[in-house]
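Reader: I am new to this structure and would like a close look at a single part of it, the pairing of charged side chains. How many salt bridges does a search of the whole structure find, and what surrounds the partners in them?

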Amino acid sequence: MIPITTFAGKDVAVFGLGASGNATAAALIAGGATVAAWDDTEPGRASAAAAGVPLVDLAEADWSRFSALVLAPGVPLTHPEPHWVVKRAQEAGVEVIGDIELFCRERRARCPETNFIAITGTNGKSTTTALIAHILKEAGHDVQLGGNIGRAILTLDDVTPERIYVVECSSFQIDLAPTLDPTVGVLLNITPDHLDRHGTIENYANVKSRLVEGARTSVIGIDRARHDAGDLSGAIFHRLDHDRGNVTAFTRTPSDVTGYTYHEQGFLKRAVTLGLIGAYVEVLADLKGARALRGAHNAENAAAAFLACEWIGTPHDVIGRGLASFPGLVHRLEEIGRMGNVVFVNDSKATNAESTKKALASWDRGIHVILGGKAKDGGIEALRPWFPRIEKAYLIGAASRDFARSLGSVVPFEECGTLDVAVARATRDALAANNEDRVVLLSPACASYDQYKNFEQRGDHFRALVARELAAHTGEKGGP
């Protein structure tokens with residue numbers, strides 16, 4: 001736990017009593033604050049009470065006593081309108097912050113030299129965060145991983161000079177962290193998302209930009225193929241590069257611009273200028289053996305991770321070994337088994353078409369993809385350019401009929417209804433290809449809520465079903 005001593009002797013309201021809310025209350029109490037915690041739901045209040053968190057109905061509280069309201073990131077701050085508790089705080093002139101902000105203030109107060117790497121982006125941030133943590137652990141560092149991935153940030157071990165904090169930050173968390181100041185800030189990309197909570201894409205981009213604006217050094221992904229307002233992260237890079245420097249870019253296409261890092265033919269490369277001598281291309285790392293970093297999108301994640309680790313002094317050869325040994329993120333293009341020339345890949349974390357697009361781009365052909373669940377706006381229309389790579393689609397869940405209309409006569413498909421049927425039929429068809437390479441890919445492009453509690457449960461079910469298929473075809477009782 002990281003005790004929050006910066007609010008010692010003060011009264012603090014905490015609202016939203018899930019895992020991060022309860023951890024926040026405990027950290028504030030440990031640091032000497034008096035906490036008044038509340039949740040709109042009875043289960044939330046009950047779990048907090050069982051954990052010893054003091055409950056106070058904030059609708060009836062005297063707000064003049066509070067120094068701050070610490071809000072859970074899932075509670076609306078601005079859109080579609082501020083939650084009632086936010087309005088109460090604003091009316092009383094009480095600042096509204098989150099647990100990431102508490103961490104930042106504590107780090108500045110007690111151990112400002114502690115390295116802190118913060119990562120955000122619409123897509124790829126969980127993989128990049130886990131990859132950075134893996135590389136730094138392989139380099140022998142004491143790494144604390146958390147935030148929007150894994151553990152709530154205030155449950156991590158206390159700040160010390162030798163520790164490195166690698167923290168994934170969602171837009172909701174950044175919005176509640178006005179003084180966010182990482183050692184290295186990483187912005188991977190910006191595409192429309194969470195507009196119900198931010199109102200417009202411009203607001204969403206402005207929130208994301210705060211992470212790199214407050215960073216000592218920044219790593220930003222840009223799209224060299226675009227030179228218009230559509231490249232939102234590129235616009236942020238060029239503004240920061242002009243205003244302050246100390247920012248570096250990785251690109252989605254090869255570049256001869258000095259200092260830009262890119263992926264080409266299995267290698268991370270960077271253009272380097274040697275004054276009057278000229279320029280040359282520096283090969284930074286070989287990704288050909290990094291099986292968990294398949295696809296162009298993972299090459300971008302690898303470039304971001306390389307640059308972040310380089311900024312804090314990690315040798316290039318150590319970073320390269322970390323990239324090669326990275327096991328991948330659970331439920332994100334996770335290879336879970338093989339049967340002859342057929343590979344089974346769990347990409348249950350692909351809950352929208354943008355994520356599934358990256359999965360389909362990882363293989364040129366021979367994809368037996370399982371799609372469906374609770375559809376997002378736009379369905380799978382964004383996948384149309386990748387339809388030729390799909391050998392056959394297997395449709396499950398509430399989106400089946402709509403997805404069938406999108407696939408039409410372009411892609412062969414079966415409406416399977418449930419995941420167990422889809423896995424059995426996809427395995428049958430992939431094996432029928434004899435010696436040709438095939439992939440059975442769960443990449444639903446949908447939320448899981450129609451049939452599963454969350455994407456993790458869906459991915460775990462897929463893993464169990466694949467283990468059953470492997471056992472049945474090999475005659476073994478165990479899984480892969």
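Author: A good place to begin is E354, which at a relative accessibility of 25% counts as partly exposed, a class that lies between buried (under 20% relative accessible area) and exposed (over 50%), with a 1.4 Å probe and protein chains only. The model is a predicted one, in which local features need pLDDT of at least 70 and side-chain atom pairs count only at pLDDT 80 or more, while totals for chains, interfaces and linings use all residues. Residues are numbered from 1 along each chain as its sequence is written, and side-chain values use heavy atoms, leaving out hydrogens and water.

The partner of E354 is K358, and the closest N and O atoms of this salt bridge are 3.4 Å apart, where a salt bridge is a side-chain nitrogen of Lys or Arg within 4 Å of a carboxyl oxygen of Asp or Glu. Helix α12, residues 353-360, holds K358 as well as E354, and the four residues that separate them make about one turn of the helix; helices (H or I, at least four residues) and strands (E, at least two) are DSSP runs, numbered from the N terminus. K358 counts as buried, because its relative accessibility is 18%, whereas E354, at 25%, is partly exposed. Elsewhere, K392, E414, R425, R428 and D429 are joined into one network by salt bridges that share partners.

Another place to look is E335, which forms a salt bridge with R294 in which the closest N and O atoms lie 3.7 Å apart. This pair links distant parts of the chain, since E335 belongs to strand β14 (residues 334-339), while R294 sits 41 residues away in the loop between β13 (279-286) and α10 (296-311). E335 has a relative accessible area of 28% and is therefore partly exposed, and R294, with 21% relative accessibility, also counts as partly exposed.

E335 forms a salt bridge with R338 too, and here the closest N and O atoms are 2.9 Å apart. With a relative accessibility of 47%, R338 is likewise counted as partly exposed, so that E335, at 28%, pairs in this bridge with a partner of that class.

As for your count, the search of the whole structure finds 39 salt bridges, and those of E354 with K358, E335 with R294 and E335 with R338 are among them.
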